[in-house]
Amino acid sequence: PMWAAQQHIGQRQLEELLLRVYVGEAETSFYEDEGDGFAYQQGDYRWLYFSCRVAPSGSVTLSWRRAGAYRAAYLRYRFEVYGILDEPESVYLDDSAAPLWYYEKGTVEFTATQPFERARIEMRRRADQQATLLRSPLRGKD
């Protein structure tokens with residue numbers, strides 16, 4: 001997770017949480033609370049659990065589970081997913097098309113205005129992903 005730089009907690013409202021994801025089979029967790037005070041002792045905190053899975057087709061699934069009562073004041077969650085080899089066909093958030101996403105130089109970026117359970121980056125089906133040629137197409141040409 002990444003935020004804008006601050007000199008102290010509460011200097012400014014954090015409007016966006018940036019999460020950088022590196023494609024692979026992985027899981028991680030992230031703890032959140034107000035950052036100041038003792039409200040966490042009364043249960044005002046939460047854990048965010050993320051997992052990343054890659055299908056044989058190359059499609060990537062991000063799962064996001066939350067546990068706890070704390071409500072962050074973020075207006076949006078921005079995801080940068082690194083390691084996408086080709087331009088995807090589509091990006092889904094909880095089985096609905098993501099309203100806006102970008103692909104550039106191996107990275108997919110999308111923004112969500114509310115938490116989701118699952119994001120899917122679906123790869124294009126390519127005709128050239130067929131079986132390897134059994135012989136060289138150049139053999140026999142002089």
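This briefing walks you through the strands, sheets, loops and one pocket of the protein shown above. Keep in mind as you read that the model is predicted. The protein has 142 residues, and 27% of them count as buried. Its secondary structure consists of 10 strands and zero helices, so a good way to get to know the protein is to follow those strands from sheet to sheet.

**The overall plan**

- Reading from the N terminus, you meet the elements in the pattern β-β-β-β-β-β-β-β-β-β.
- Take the contacts in the protein whose partners have a separation of 6 or more: 59% of them are between residues 24 or more positions apart.

**The sheet of six strands**

- Six strands make up an open sheet, and their order is 2-3-4-10-6-7.
- The pairing in this six-stranded sheet is antiparallel.
- Which strands stand at the edges? They are strand 2 and strand 7, the latter covering residues 96-97, and each of them pairs on one side only.
- Inside the order you can find strand 6 (residues 88-93) beside strand 10 (residues 118-123); they run antiparallel and are joined by five bridges.
- To see one pair of facing residues, look for S90, whose bridge partner in strand 10 is E122.

**The hairpin of strands 6 and 7**

- Strand 6 also pairs with strand 7, in the antiparallel sense, over two bridges.
- Here Y92 stands opposite A97 in strand 7.
- Together, strand 6 and strand 7 form a hairpin with two residues between them.
- One residue in the turn is D94, which has a positive phi of about 50 degrees.
- D95 lies in the loop between strand 6 and strand 7, and its phi is near 70 degrees, a positive value in a residue other than glycine.
- Is D95 buried or exposed? D95 counts as exposed because its relative accessibility is 52%, and the cut-off for exposed is over 50%.

**The sheet of four strands**

- Another open sheet has four strands in the order 1-5-9-8, and its pairing is mixed.
- Strand 1 and strand 8 (101-104) stand at the edges of this sheet; each has a single partner strand, so one side of each is left without a neighbour in the sheet.
- From one strand to the next, the twist averages 15 degrees.
- Strand 8 and strand 9 (residues 107-112) run antiparallel, with four bridges joining them.
- If you look across from W101, you will find F110 of strand 9 standing opposite.

**Loops around strand 8**

- In the loop between strand 7 and strand 8 you will find P99.
- P99 is exposed, with a relative accessible area of 71%.
- How far apart are P99 and T111? Along the sequence they are 12 residues apart, while in space the distance is 8.4 Å, C-alpha to C-alpha.
- The loop between strand 8 and strand 9 holds K105.
- K105 is not a glycine, yet its phi is positive, at about 50 degrees.
- With a relative accessibility of 78%, K105 counts as exposed.

**The second largest pocket**

- How much space lies in the second largest pocket? The volume is about 270 Å³.
- There are 16 residues lining this pocket, and the closest to its centre are L19, R20, V21, T28 and F50.
- Three elements give two or more residues to the lining: strand 1 (16-22), strand 2 (26-33) and strand 3 (45-54).
- Which strand provides the largest share of the lining? Strand 2 does, with five residues.
- Sorted by character, the lining residues are 11 nonpolar, three polar and two charged.
- You have met these strands already: strand 1 belongs to the order 1-5-9-8, while strand 2 and strand 3 belong to the order 2-3-4-10-6-7.

Technical notes:
Residues are numbered from 1 along each chain as its sequence is written. This is a predicted model: local features need pLDDT of at least 70, side-chain atom pairs count only at pLDDT 80 or more; totals for chains, interfaces and linings use all residues. Side-chain values use heavy atoms; hydrogens and water are left out. On a 1 Å grid over the protein atoms alone, a cavity is a set of points where a 1.4 Å probe fits but cannot get out, and a pocket is an open set with protein on both sides within 12 Å along at least five of seven lines; lining residues have an atom within 4 Å of a point. Grid points are joined across faces, edges and corners, and a volume is the space filled by probe spheres set on the points. Ala, Val, Leu, Ile, Met, Phe, Trp, Tyr, Cys and Pro count as nonpolar, Asp, Glu, Lys and Arg as charged, and the others, Gly among them, as polar. Two strands pair if DSSP finds at least two bridges between them. Axes are lines fitted to C-alpha atoms, for helices over the stretch in contact, and angles run from 0 to 180 degrees between N-to-C directions. Buried means under 20% relative accessible area, exposed over 50%, partly exposed in between (1.4 Å probe, protein chains only). Contact means heavy atoms within 4.5 Å.
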